[in-house]
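Here is an informal walk through a few spots in one protein model. Have the 3D view open while you read.

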Amino acid sequence: MRRNSVIEYIREYAASQPEKYAVCELRKNVTYCQYWERICKMASVLLAKNIIKDTHVVLRCTQNIDYLVIFSALQYVGAVPIPVEKNSGADRMREIAEAVDATVVIADEEIDGICVHKSKDLIKEAGNATMAQLALPNDSDVSMILFTTGTTGKSKGVVMTHLGDVAVSENVIQGTQMTEENVEIIPMPLNHAFGIRRYQSDMVNGGTVCLMDGMVFVGTVWKLIEKYSVTAMALSPASLRMIFELSGDRIGEYREQLQYIQIGSAPLPEADKQRLIHLMPDLRLYNFYGSSEAGCSCILDFNSADNKVGCIGRPTINSLLRFVDDNGAFVKNVCEENPALLAWGGTFVMKEYYKEPELTKETMVDGYIITKDLAYLDDEGRCILVGRSDDIINYGGSKISPAEVEDCARGYENIADCAYSSRPDAITGECPVMLVVKREEYDQSAFEAYLEERLESYKVPREYYFTDEIPKTFKGSLLRKNIKQMIMNQIDGGN
């Protein structure tokens, strides 16, 4: 039976499987019983500091067990955690605190004008505290406010409920075919949707989470795998690339142990995808489509027959799919020739943007989150993504999805990366061009021939520009406005 919150699942597992590891680091770990005890003691400390129900608290992420204890204890007392990046400075934390009416910050530095509690001090106090015995949150209570990265506009506060958190977790659990014995490495930041939701999924499932603070020390991956008998990993494409660059094909040594890897936050380069599948032919390699507002909406196993060009998989268990126009109106007869905007509804979507009623009204229509992604369902029920409506290139009346061309181009082994864009053209409106990061063996004619063999003629870039690095977010998503500007700068510089 579904529980009302992730916290309720943790309490339940503390009773039913007390000695099972809940959260682990390389040199530390806590069982479910120990984890629940630490959460309850921390709740007592928070209450003593007047951090009570509905208190908004900005919490700096430290990517460890202590952070998750504080995060969970905040939810247990009914407060609302607003997790922020570990490198956030005082000005950024103050900015977020003001935006979400937070009266308290938990970090390890003082911030003028705001009540700050140092996380290290809280952990120390909790060691001698008594365990709080409190009522559990209701499923409709606000569980947290997640801040978007702001790469497609200003940063927004996504308000989630406990019911939404559990529903997203169910999407992940069902989508990955997660077993009760799941042990998962999560190096992704726990203040962002991808990382925190993978942690929550393992807690709802009663599994074990292994934490890493990024991939700088890639050797920690192998130590965790061997120490805790890891069965799964949650990685960004950039993290997988670091594994390959720093450890070669070593991940293939664990082909019999790892059951699945889930990829999120950015597209996975085709070359890395094929390399991983070659090394681990029985691995389930998942890609989740989703957002902070509508987490884990759709799932695709790259290592399956569903892995088609543009396919983002099939809707997850709690996902309701609708196709709409720019105004949110339902669109009928959606097909390859007539794609429409994806919209997602169900118990797993956000409640609202915090104190942004107009933006919420614009983004949510009839309870559905409207995306900027054009798509359709094929005859087998797979969701096929055409591209973002604001990224689509109109070349003389022909519509081109940059992501499709980039996915094809990245299969050419002598480029390190690429981005498909356009420049203004007086005759066709837009002229398709490509920004390329070359490898030493790069050959322009061979690359052009490679693309011409695999793409319709109108999709082949008309011009090529070169750079040492493609502008991306920390998660690996392309910064398309920056890319277009970089191309225009090269054009202007050549004139």
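Let's start with a charged pair: Glu 37 makes a salt bridge to Lys 41, and the closest N and O atoms are 3.2 Å apart. Keep in mind that this is a predicted model. Both residues sit in helix H2 (residues 32-48), where they are four residues apart, about one turn of the helix. How exposed are the two partners? Glu 37 counts as partly exposed, because its relative accessibility is 29%. Lys 41, with a relative accessible area of 18%, is buried, since the cut-off for buried is under 20%.

Another pair to click on is Lys 472 and Asp 417, whose side chains meet in a salt bridge at 2.6 Å, N to O. Lys 472 is in the loop between strand S26 (463-466) and helix H14 (480-494), while Asp 417 belongs to strand S24 (residues 415-425), so this pair ties together parts that are 55 residues apart in sequence. Lys 472 is partly exposed at 33% relative accessibility, whereas Asp 417 is buried at 12%.

Then there is Asp 425 with Arg 423, joined by a salt bridge of 3.7 Å, N to O. Asp 425 counts as partly exposed at 23% relative accessibility, and Arg 423 counts as buried at 19%. Elsewhere, salt bridges with shared partners link Asp 306, Arg 314, Asp 378, Glu 380 and Arg 382 into one network. The count for the model comes to 30 salt bridges. Here are the three pairs described above, side by side.

| Salt bridge | N to O distance |
|---|---|
| Glu 37 and Lys 41 | 3.2 Å |
| Lys 472 and Asp 417 | 2.6 Å |
| Asp 425 and Arg 423 | 3.7 Å |

Now for some strands. Strand S1 (residues 21-24) pairs with strand S2 (residues 29-31) in the antiparallel sense, over three bridges. Together S1 and S2 form a hairpin, with four residues between them. Which residue of S2 is the bridge partner of Cys 24? That would be Asn 29. S1 is also joined to strand S10 (residues 208-211) by two bridges, and these strands run parallel. In that pairing, Val 23 has Val 209 of S10 as its bridge partner.

Next, rotate to helix H9 (residues 237-247). Its buried residues are Pro 237, Ser 239, Leu 240, Ile 243, Phe 244 and Ser 247. These cover an arc of only 165° around the axis, so they are on the same side of H9. What covers them? Among the elements doing so are helix H8 (219-228), strand S11 (232-235), strand S12 (260-263) and helix H10 (270-279). On the face of H9 turned away from its buried side you'll find the exposed residues Glu 245 and Leu 246. Right after H9 comes Gly 248, which has a positive phi, near 60°.

H9 also takes part in a pocket. The second largest pocket holds about 790 Å³ of space. Its lining is made of 28 residues, and those nearest its centre are Arg 241, Pro 269, Ala 416, Asp 417 and Lys 472. So which element gives the most to this lining? H9 does, with five residues. H9, H10 and S24 each supply at least two residues of the lining. Two names there should ring a bell: Asp 417 and Lys 472 are the partners in the 2.6 Å salt bridge, and both are listed nearest the centre of the second largest pocket.

Methods. Residues numbered from 1 in each chain as written. Predicted model: local features only at pLDDT ≥ 70, side-chain atom pairs only at ≥ 80, totals over all residues. Heavy atoms only, no water. Pairing = 2+ DSSP bridges. Salt bridge = Lys/Arg side-chain N within 4 Å of Asp/Glu carboxyl O. Buried < 20%, exposed > 50% of the residue type's maximum accessible area, 1.4 Å probe, protein only. Arc of directions from axis to C-beta. Contact = heavy atoms within 4.5 Å. 1 Å grid on protein atoms, 1.4 Å probe; cavity = no way out; pocket = protein on both sides within 12 Å on 5 of 7 lines; lining within 4 Å. Points joined across faces, edges and corners; volume = space filled by probe spheres on them.
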